[in-house]
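Got the viewer open and a free hand on the mouse? Let's take a walk through this one together, one selection at a time.

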Amino acid sequence: MNQTPINVTRSSMPDFEEYCSEIRELWDTRFLTNMGSKHLQLEKELKTYLNTPNITLFTNGHLALENIITAMGLHGEIITSPFTFASTTHAIVRCGCTPVFCDINPVDYTIDVTKIEPLITEKTVAILPIHVYGNLCDIEAIEAIAKRHSLKVIYDAAHTFGETRNGISSANFGDASMFSFHATKVFHTIEGGAVCYADDTLKTKLNDLKNFGIHGPESVPDVGGNAKLNEFCAAMGLCNLRHLEGEIEKRRQVYDRYLSLLSGVSGIRLNQIQPGVHSNYGYFPVVFDGYRYSRDEVFDLLASENIIARKYFYPITNAFDCYKGIPGFDPSSTPVARHIAEHTLCLPMFADLSLSDVERICSLILR
Ligand SMILES: *Cc1c(COP(=O)(O)O)cnc(C)c1O
């Protein structure tokens, strides 16, 4: 066994002293949550960073997604794809809607826009596509379909924080975009998340929903929950945001080294950054298809050297145990997603990953 394990990801953190000075005033104010000064400041700074008209913070990305579905008043079928994290599909189901699974395309693993329209019925209310590994969906095609059929579009943008395409922020596509600030993400607040949205009138509703539906001391217009981002998490976000560009630059170097070592190997397919996209280098997925080792063999080989890659996303969400036997949840209905899920491995990718470790990982794969 090799020395210290290398995990698929490792959280970025500010200097201890920087975080301490960020939270010091909380010992004076004793204002620890309920949209305090750190929360409000982070909201303001993220709005600027993402260059977006409206943003509301949440305890995590998942609750941001549940709350935007609720705030939009969606009831019915929502077209989505199963090549995603558990959160996307569960949010639809937990909000009382029905996910309708569309396959993905084999090029960038986002929803296959040629397969959306046949799935639309009179019950369809929205499309909830996922930007995968930093690859943006076919925004224009999805917008055209949504316009034709009067559907809402909510993006799961957890993988595209800070990305732009042709200068446009990934926060500004569709009616809304959800971001996750989980500890494993490019930008994090330990736990946290946000939704960005076009319709200003959703702001009050979202703020009420995340605070038990309470609008004023004697006014409770909504059946809300509790999804407020606390001051300690917001403070971590304020610190991390200061260092984000540097962290992304370090990720870019890791990405470039992987690319130069694994490019052009038969049976190994690497993810291409899309034209015009300013990437955040969040993930390094590799498709092992026709390579001399299968995906699972590569996973085991790396694990034997204490390098923990991640089968991500696997299994696809329409194959989850909790949905077994429910009509519409059938992995064979999305064969491309199933195939990619069975052949993809996300290699370790984080800002502090040393280039010599990248070389070691690649030589293990190539031996
Ligand atoms: C991380 C992630 C989520 C969930 O975000 P949390 O902040 O952990 O709740 C949802 N969708 C995708 C694609 C993710 O990667």
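A salt bridge here is a side-chain nitrogen of Lys or Arg within 4 Å of a carboxyl oxygen of Asp or Glu. By this rule, the count comes to 20 salt bridges. Keep in mind as you click around that you're looking at a predicted model.

**Stop 1: one salt bridge up close**

Select E22 and K38 and show their side chains. They meet in a salt bridge, with N to O at 2.9 Å. Now colour by helix: E22 sits in helix α1 (residues 16-23) and K38 in helix α3, so to speak two distant parts of the chain linked by a pair 16 residues apart.

While you're in this part of the chain, pick R30, in the loop between α2 (26-29) and α3 (37-50). What is the sign of phi at R30? Phi is positive there, near 55 degrees, and R30 is a residue other than glycine.

**Stop 2: the two domains**

Zoom out and give 16-242 one colour and 244-366 another: the domain assignment calls these domain 1 and domain 2. Their C-alpha centres lie 24 Å apart. Where the two touch, 38 residues from domain 1 and 37 residues from domain 2 take part in the contact.

How much area do domain 1 and domain 2 bury between them? About 3,200 Å², with 58% of it on carbon and sulfur atoms. Next, select F83, Y133 and V186. These supply 22% of the area that domain 1 buries against domain 2, more than any other three residues.

**Stop 3: what the contact is made of**

Stay on the side of domain 1 that touches domain 2. Four elements each supply at least two residues to this side: α5 (86-94), β4 (98-101), β7 (164-165) and α8 (231-262). Highlight α5, since α5 gives the most, with 4 residues. Colour this side of domain 1 by class and you'll find 19 nonpolar, 12 polar and 7 charged residues.

How many salt bridges are there between domain 1 and domain 2? The count is 0. Polar contacts are another matter: 21 residue pairs are in polar contact between the two domains, both residues at pLDDT 80 or more.

**Stop 4: the ligand**

Now centre on the ligand. It has 15 residues around it, and the closest are G61, H62, D156, S180 and K185. Show side chains and try the distance tool on these three:

- S180: a side-chain N or O atom is 2.7 Å from an oxygen atom of the ligand.
- H159: a side-chain N or O atom is 3.0 Å from an oxygen atom of the ligand.
- Y312: a side-chain N or O atom is 3.2 Å from an oxygen atom of the ligand.

**Stop 5: two cis peptide bonds**

Don't leave Y312 just yet. Which kind of peptide bond joins Y312 and F313? A cis one, with omega about 5 degrees. F313 has its place in the loop between β14 (307-308) and α10 (335-343).

Step along the chain to Y314 and P315, and there is a cis peptide bond joining these two as well, with omega about -10 degrees. P315 is also found in the loop between β14 and α10.

Terms used: Residues are numbered from 1 along each chain as its sequence is written. This is a predicted model: local features need pLDDT of at least 70, side-chain atom pairs count only at pLDDT 80 or more; totals for chains, interfaces and linings use all residues. Side-chain values use heavy atoms; hydrogens and water are left out. Domain bounds come from an automatic or database domain assignment. Contact means heavy atoms within 4.5 Å. Buried area is the accessible area (1.4 Å probe) that two parts lose on being put together, summed over both. A polar contact is a pair of N or O atoms within 3.5 Å; within protein, one must be able to donate a hydrogen and the other to accept it, and residues adjacent in sequence count only if both atoms are side-chain atoms. Ala, Val, Leu, Ile, Met, Phe, Trp, Tyr, Cys and Pro count as nonpolar, Asp, Glu, Lys and Arg as charged, and the others, Gly among them, as polar. A residue is near a molecule or strand if one of its heavy atoms lies within 4 Å of it.
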